[in-house]
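Work through the following exercises with the sequence and the model open beside you. Try each task before you read its solution.

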Amino acid sequence: MGKIVIDQNRCKSCYICTTTCPKGLIKKSDKTNRLGDYMVEFVDEKNECIGCAMCAKRCPDMAITEVWR
Amino acid sequence: MQQVFSIPKSMKKDFRYTFCPGCDHGIAIRLVAEVLDELGLRENTISSTSVGCSVFLYDFLDIDCVEAPHGRALASATGVKRARPDKFVFTYSGDGDFASIGLAESMHSALRGENLSAICINNTTYGMTGGQLGPTTMMGQVTTTSPTGRNAEYFGYPIKIAEHIALCDGTAFSARVALDSVAHINEAKKAIKKAFQTQLDGKGFGFVEILSSCPTNWHMTPEEAHERVRNEMIPIFPLGVFKEVN
């Protein structure tokens with residue numbers, strides 16, 4: 001049981017987090033942010049997030065601002 | 001629930017990185033901010049950065065900074081530290097700045113054993129000016145000024161900065177780390193913390209070389225760039241601690 005908070009205006013669409021998440025819970029979104037980038041979104045319908053914070057540690061833009069476990 | 005990750009307090013409020021997508025500078029600056037938080041140094045720190053993408057550090061960190069001429073970060077940091085020995089002083093520069101333009105200043109700071117901490121981001125190219133051949137460009141690597149790849153006859157060989165700094169007698173700590181995986185990022189943070197602690201203990205020069213990717217100038221996606229760090233850079237620039245004075 002965990003959750004993350006994404007600041008979508010910081011996301012620059014490098015998609016490192018999408019390949020880092022061990023559960024594959026971060027996906028490309030079909031919406032754009034203020035930079036015009038297709039940002040990422042956190043989809044966790046089955047409460048699978050373990051709060052490992054690997055996404056936040058690898059995010060180069062600190063767009064993942066909070067991780068809770 | 002317990003919060004296991006938050007933005008370090010040493011970051012400026014509402015900062016937004018201006019680096020290219022996937023650039024490892026963002027991670028390196030976060031690690032520096034986390035270490036400053038953990039050691040409680042934010043109010044007592046003066047940093048010195050010279051020229052390159054690394055210079056944006058003072059847009060994001062909430063600390064006092066001196067801007068030095070190109071390559072002279074350690075020269076101005078020497079002055080700051082000698083004038084204010086009570087302050088914590090560190091420099092943050094790229095490989096072109098640290099090991100080409102400022103090689104004399106960097107090397108002699110280590111030889112003098114200045115009680116400073118230095119961080120060098122090695123991305124094997126001059127990132128800000130458009131990806132020219134730098135002092136750490138690998139053999140065969142294509143850059144804008146070596147379109148057929150680096151060759152020894154014309155360009156010579158890349159410098160291994162951490163090993164060279166470790167050979168200086170004044171160096172107390174010298175390590176090379178990478179940012180291509182979570183495990184390596186954790187090790188990088190430990191190395192930065194040790195280099196900073198070395199200065200607090202008054203042991204001498206602490207140095208960390210951080211292998212970083214430059215997706216824009218390598219013409220790769222961020223993931224491909226990290227693959228390159230893993231498969232091409234680490235075999236040439238081995239990770240590890242090369243000198244540690246106890």
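**Exercise 1. Describe how helix 1 of chain B is placed against the strands.**

Solution. Begin with the helix itself: helix 1 of chain B covers residues 25–39 and lies across strand 2 (45–49), strand 4 (88–94), strand 5 and strand 9 of the chain. Here helices (H or I, at least four residues) and strands (E, at least two) are DSSP runs, numbered from the N terminus. Next take the direction: helix 1 of chain B runs at about 160 degrees to strand 5 of chain B, where axes are lines fitted to C-alpha atoms, for helices over the stretch in contact, and angles run from 0 to 180 degrees between N-to-C directions. Two residues are in contact if their C-beta atoms, placed from the backbone, lie within 7 Å.

Before going on, keep the origin of the model in mind: it is predicted, so local features need pLDDT of at least 70 and side-chain atom pairs count only at pLDDT 80 or more, while totals for chains, interfaces and linings use all residues. Residues are numbered from 1 along each chain as its sequence is written, and chains are lettered from A and ligands numbered from 1 in the order in which they are written.

**Exercise 2. Work out the order of the strands in the open sheet of chain B.**

Solution. First read the order, which is 3-2-4-5-9-8-10 for the 7 strands of this open sheet in chain B, with mixed pairing. Then find the edges: strand 3 (64–67) and strand 10 (240–244) of chain B each pair on one side only. From one strand to the next, the twist averages 15 degrees. Two strands pair if DSSP finds at least two bridges between them. In general, strands of a sheet pair through backbone hydrogen bonds, either parallel or antiparallel.

**Exercise 3. Follow strand 5 of chain B to its partners, and decide whether its residues are buried or exposed.**

Solution. On one side, strand 4 of chain B is joined to strand 5 of chain B by 5 bridges, and the two run parallel; in this pairing B:Gly94 stands opposite B:Ile121. Strand 5 (residues 117–122) of chain B is also joined to strand 9 (residues 205–211) of chain B by 6 bridges, again in parallel. Within strand 9 of chain B, B:Val208 is the bridge partner of B:Ile119, and B:Leu211 is that of B:Asn122.

For burial, apply the cut-offs: a residue is buried if 20 or more other C-beta atoms lie within 10 Å of its own, exposed if 12 or fewer, and partly exposed in between, with C-beta atoms placed from the backbone. In strand 5 of chain B, 6 of its 6 residues are buried. Both faces are covered, with B:Ser117, B:Ile119 and B:Ile121 on one side and B:Ala118, B:Cys120 and B:Asn122 on the other.

**Exercise 4. Explain why B:Lys9 counts as exposed, and list its contacts.**

Solution. Locate the residue first: B:Lys9 sits in the loop between strand 1 and helix 1 of chain B. B:Lys9 counts as exposed because it has 11 C-beta neighbours inside 10 Å. If neighbours within four places in sequence are left aside, B:Lys9 is in contact with B:Asp37 and B:Arg42.

**Exercise 5. Set out what each chain supplies where chain A and chain B touch.**

Solution. Count the residues first: 20 come from chain B and 20 from chain A. On chain B, strand 1 (3–5), helix 1, helix 8 (182–200) and helix 10 (222–236) each supply at least two residues of the side that touches chain A. There is also strand pairing between the chains, as strand 4 (residues 64–68) of chain A and strand 1 of chain B pair in the antiparallel sense over 2 bridges; B:Gln3 is the bridge partner of A:Trp68. For the complex, the predictor gives an ipTM of 0.94 and a pTM of 0.95.

**Exercise 6. Summarise the make-up of each chain.**

Solution. Chain A has 2 helices and 4 strands, which follow the pattern β-α-β-β-α-β along the sequence. Of the 69 residues in chain A, 41% are buried, and its C-alpha trace spans about 30 × 20 × 15 Å along the principal axes. Chain B has 10 helices and 10 strands, and 52% of its 246 residues count as buried. The C-alpha atoms of chain B fill a box of roughly 50 × 50 × 30 Å, taken along the principal axes.
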